[in-house]
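Please find below a colleague's note on the structure, set out as numbered points. The remarks are intended to be read beside the sequence and the coordinates.

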Amino acid sequence: MISIPHKAKQFLVLLIKVLIVVGAFYFIYNQLANNDKLDWQKFLVLFQKNQSVGGIAFILFLSVLNRFFEILKWQNLVGFIHKITLGEATKQVLGALTAGLFTPNGIGEYAGKALFFEKKDTRNILFLNLICNGIQMILTVIFGIFGLLYFNAQYNVITTKTVALLFGLLILVFSVPFLLKKITIKGYSIERLIHKINEIPKPIHQKNIFLAVCRFIVFSHQYYFLFLAFDVDLPYLTVIATITSVYFLASSLPTFQFLDFAVKGSVAVYFFGILGVNEWIVIFVTTLMWFLNVVLPVVIGSYYVLNFKTKNPI
């Protein structure tokens, strides 16, 4: 095996860190500067009309709260193998978010978190991150299905037959893993996964679910309050059902973190279009959600990436 000199390793690590940060900022700039659907003049007119220091502070507070719940989730789960401080959990979550910005479905986030730990812990960290993200996805599916049903009951977008078919498919999807749980592929099986999940104490799972629900409530209502700020006057339940439907359907599509707002935006335009909301408002609200909950954390995460010292050597 070829041995890489220590100085060369240091340079390689620095180069990777700089490339991650530069790449993240390039993609952010590119999406904001070259999106022809963003009418900044309309936004400035509406902003000047409705600007409120309290309102802006409240929306920013929801962004902090959203990411704070994610940090608490990670601190709680990692506590199963290592006790870490809130500061360490913050560094790991935000640094990994930056690293995963331009990877499909944020896969780079898994590797990013693993690098903060010893090599022997890599499998456990990847597994815990799967649990961390998995509960959020399950909640998105559950709330999304109820949202779709409510939305469909109001606007009859799809037929009853199609709804029944979708439920049948969902039952099949959730049933198959249990029917095939004993089948082993390269030493891994659903049964083994369930066993590993059960190894984690119930209080950790319960706290993880509670924090995930809190996080879902926060970012879905941040979306709702932004629509209110743009003078969208629709019934509360209708807007919330539409938001949960958008998150559910958009999360089902493979995408990159830096394109997340574009995917959610296109789905949101369709659903809110049915409600009669102007397309430019939907695009702006979706973009602001992306900016507040991805871009701002990535800016902070870039600091952690540049100051990162790996425990998992290259």
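The points below go from the overall fold to single helices, aromatic residues, cysteines and two loop residues.

1. Overall fold. The model is a predicted one. Its secondary structure consists of 12 helices and zero strands, and read from the N terminus the order of elements is α-α-α-α-α-α-α-α-α-α-α-α. Among contacts with a separation of 6 or more, 76% join residues that lie 24 or more positions apart.

2. Burial and surface. The protein has 314 residues, of which 43% count as buried. The exposed area comes to about 17500 Å², and carbon and sulfur atoms supply 70% of that area.

3. Helix H4. Residues 86-99 make up this helix, which has 14 residues. From the first C-alpha to the last, H4 reaches 20 Å, close to the 20 Å expected at 1.5 Å a residue. Is H4 largely enclosed or largely open? Because 10 of its 14 residues are buried, H4 is largely enclosed by the rest of the structure. The buried residues of H4 include Ala89, Thr90, Gln92 and Val93, and the stretch from Leu94 through Gly95, Ala96, Leu97 and Thr98 to Ala99 is buried as well.

4. Helix H12. This helix covers residues 279-306 and has 28 residues. The distance from its first C-alpha to its last is 38 Å, close to the 40 Å expected at 1.5 Å a residue. H12 nevertheless bends by about 35°, and the bend is located at Phe291.

5. Aromatic residues. A search of the whole structure finds 16 aromatic pairs. One of them joins Tyr223 and Phe227: the ring centres are 5.5 Å apart and the planes meet at 5°, so the pair is stacked. The cut-off behind this assignment is that planes under 30 degrees apart count as stacked. The two residues are four apart in helix H9, and therefore Tyr223 and Phe227 are separated by about one helical turn. In general, an α-helix has 3.6 residues a turn, so residues three or four places apart point the same way. Both Tyr223 and Phe227 are buried. They also belong to one aromatic cluster, together with Phe143, Phe216, Phe219, Tyr247 and Phe272.

6. Cysteines. How many disulfides does a search of the whole structure find? The search finds zero. Cys132 is buried, with a relative accessible area of 0%. Cys214 has 17% relative accessibility and also counts as buried, because the limit for that class is under 20%.

7. Val157. This residue lies in the loop that links helix H6 (122-155) and helix H7 (160-179). Its relative accessible area is 33%, so Val157 is classed as partly exposed. Which residues does Val157 contact, leaving aside its neighbours within four places in sequence? They are Phe151, Asn152, Tyr270 and Ile274. Val157 and Phe271 are 114 residues apart in sequence, and their C-alpha atoms are 9.6 Å apart in space.

8. Asp231. The loop between helix H9 (202-229) and helix H10 (236-251) contains Asp231. The phi angle of Asp231 is near 65°, a positive value in a residue other than glycine. With a relative accessible area of 43%, Asp231 is partly exposed.

Conventions. Residues are numbered from 1 along each chain as its sequence is written. This is a predicted model: local features need pLDDT of at least 70, side-chain atom pairs count only at pLDDT 80 or more; totals for chains, interfaces and linings use all residues. Side-chain values use heavy atoms; hydrogens and water are left out. Buried means under 20% relative accessible area, exposed over 50%, partly exposed in between (1.4 Å probe, protein chains only). Contact means heavy atoms within 4.5 Å. Accessible areas come from the Shrake-Rupley method with a 1.4 Å probe; for residues, only the protein chains shown count as cover. The expected span of a helix is 1.5 Å times one less than its number of residues. The bend at a residue is the angle between axes fitted to the seven residues ending there and the seven starting there. A disulfide is a pair of cysteine sulfur atoms within 2.5 Å. Rings of Phe, Tyr and Trp (its six-membered ring) pair if their centres lie within 6.5 Å; planes under 30 degrees apart count as stacked, over 60 as edge-to-face and the rest as tilted.
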